2 protein chains.
Amino acid sequence: MEYVHDIISALSKQGYRLTPQRLMVVSAIENSEDHISAEEIYSQVVVRYPNVNISTVYRTLELLKRLGLVTETDLGGGRVRYHPADKGHHHHLVCQECGAMIDLDESLLGPLQDALLREHNFIADLRHLAIHGRCVDCRR
Amino acid sequence: MEYVHDIISALSKQGYRLTPQRLMVVSAIENSEDHISAEEIYSQVVVRYPNVNISTVYRTLELLKRLGLVTETDLGGGRVRYHPADKGHHHHLVCQECGAMIDLDESLLGPLQDALLREHNFIADLRHLAIHGRCVDCRR
DNA sequence: TTGATAATTGCAAGTAGTTGCAGTTACAAT
DNA sequence: ATTGTAACTGCAACTACTTGCAATTATCAA
């Protein structure tokens, strides 16, 4: 409820226009309890601003991602979700059985990142990683 | 050039029909030097069998994936590629700059898999993982 | 305030893949 | 060889985006 203005002011500071469409997309992301989909954002915005186009929502999400203000997580099976970047926890474990999402501490991926750099000279971008598998409850 | 018949006989053995469309999709995957896209498979098949539908190609790929005969790799940016599963090397490093693909040894992911099991009771399915980042040549 | 103008939007068409359904067909059993 | 039938295919419509372009508009400077 605070960093709405952080995102807005970040946009403004970097010379991007504060259009009503953008403001509404940002507040939809902010006001969602957990992760929100593009379609959910659209249907919230369209109530107050009936002739928004879904492409504007996607373009705004693209911008916010590029500026590092919003994080996109691909949960697999066509489920893509968004959340404010400063809420932290960028990694997710996604259960293929029940869809449960477990937040993952970054430290677990540090050693992998190091190994890739050492053995392949590759700078891995692990910020938005979703690892699929089976959670405790769905193990046999 | 050998395992074409492995895939075909695996299908047959498990009670799946050997339709001309399936045979052609399999041979397209087999005869491609490196990884091949769904659209490339389709355009190869359509030459010899003009009224195949692209949905048949996708359904065949889905089946081959499910049976573990073919591996799908999502290179990001809408680029999805297929290759026979028994060619091994299931992990890939994908350069976000130049698109280069580096094959990754499974052993590097073992410690991560162990840590996820130990700390989150989560059985990670890392078979078809693509890690994005920057390769040697594109580092500044 | 008013204008100028480049950023942004809406629209319509396109891409990549999915799905329901009615018709076709590979394959087993006769 | 013929036939029954469930597996499979083609089709058309649909989902989840993406893109080019002409019209609109937030913002700045006068």
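Let me begin with chain A, where 41% of the 140 residues count as buried. Please keep in mind throughout that this is a predicted model, and that every value I quote is computed from it.

On the overall build of that chain, the secondary structure comprises five helices and six strands, and if you read along the sequence you meet them in the pattern α-α-α-α-β-β-β-β-α-β-β. The C-alpha trace of chain A, taken along its principal axes, spans about 45 × 35 × 25 Å.

Now to the cysteines, since a bench audience will want to know about them. How many disulfides does a search of the whole structure find over all chains? The count is zero. The pair to look at is A:Cys135 and A:Cys95, because the sulfur of A:Cys135 has its closest cysteine sulfur in A:Cys95, at 3.7 Å, and that is too far for a bond. To put that in context, a disulfide is a covalent bond between the sulfur atoms of two cysteines, and the cut-off applied here asks for the two sulfur atoms to be within 2.5 Å. As for surroundings, A:Cys135 counts as buried, with a relative accessibility of 6%, and A:Cys138 also counts as buried, at 10%.

While we are on A:Cys135, let me relate it to a residue in a helix. A:Asp114 sits in helix H5 of chain A, and although A:Asp114 and A:Cys135 are 21 residues apart along the chain, their C-alpha atoms are separated by 26 Å. Is A:Asp114 buried or partly exposed? With a relative accessibility of 47%, A:Asp114 counts as partly exposed, whereas A:Cys135, as I said, is buried.

Let me turn to charge pairing. Side chains of opposite charge can pair when their charged atoms come close. Over all chains, the search of the whole structure finds four salt bridges. In chain A, the side chains of A:Glu62 and A:Lys65 meet in one of these, with 3.3 Å from N to O. Both residues belong to helix H4, which covers residues 54–66 of chain A, and they are three residues apart, about one turn of the helix. Neither partner is hidden away: A:Glu62 is partly exposed at a relative accessible area of 38%, and A:Lys65 is partly exposed at 28%. The pairing in chain A also extends to a third residue, in that A:Glu62, A:Lys65 and A:Glu72 are linked in a network of salt bridges.

In chain B, B:Glu62 forms a salt bridge with B:Lys65, and the closest N and O atoms are 3.3 Å apart. These two residues lie in helix H4 of chain B, residues 54–66, again with a spacing of three residues, about one turn of the helix. B:Glu62 is partly exposed, with a relative accessible area of 38%, and B:Lys65 is partly exposed at 27%. B:Lys65 has another partner in B:Glu72, where the closest N and O atoms are 2.8 Å apart, and B:Glu72 is itself partly exposed, with a relative accessible area of 24%.

Not every acidic residue that I want to show you is part of such a pair. Which residues gather in a patch of negative charge on the surface? They are A:Glu33, A:Asp34, A:Glu39 and A:Glu40. Of these, let me pick out A:Glu40, which is found in helix H3 of chain A, residues 38–48, and which is partly exposed, with a relative accessible area of 39%.

My last point concerns the backbone, and a residue that I would ask you to find in both chains. A:Asn121 has a phi near 55 degrees, which is a positive value in a residue other than glycine. Where is A:Asn121 placed? A:Asn121 is in the loop between helix H5 (110–120) and strand E5 (123–124) of chain A, and A:Asn121 is partly exposed, with a relative accessible area of 34%. In chain B, B:Asn121 likewise has a positive phi, about 55 degrees, although it is not a glycine. B:Asn121 lies in the loop between helix H5 (110–120) and strand E5 (123–124) of that chain, and B:Asn121 counts as partly exposed at 35% relative accessibility.

Technical notes. Residues are numbered from 1 along each chain as its sequence is written. Chains are lettered from A and ligands numbered from 1 in the order in which they are written. This is a predicted model: local features need pLDDT of at least 70, side-chain atom pairs count only at pLDDT 80 or more; totals for chains, interfaces and linings use all residues. Side-chain values use heavy atoms; hydrogens and water are left out. Patches are made of residues with over 30% relative accessible area and no salt bridge: like charges are joined within 9 Å, nonpolar side chains (Val, Leu, Ile, Met, Phe, Trp, Tyr) within 5 Å. Accessible areas come from the Shrake-Rupley method with a 1.4 Å probe; for residues, only the protein chains shown count as cover. Lys and Arg count as positive and Asp and Glu as negative; His and the chain ends are not counted. The place of a charge is taken as NZ of Lys, CZ of Arg, CG of Asp or CD of Glu. Helices (H or I, at least four residues) and strands (E, at least two) are DSSP runs, numbered from the N terminus. Buried means under 20% relative accessible area, exposed over 50%, partly exposed in between (1.4 Å probe, protein chains only).
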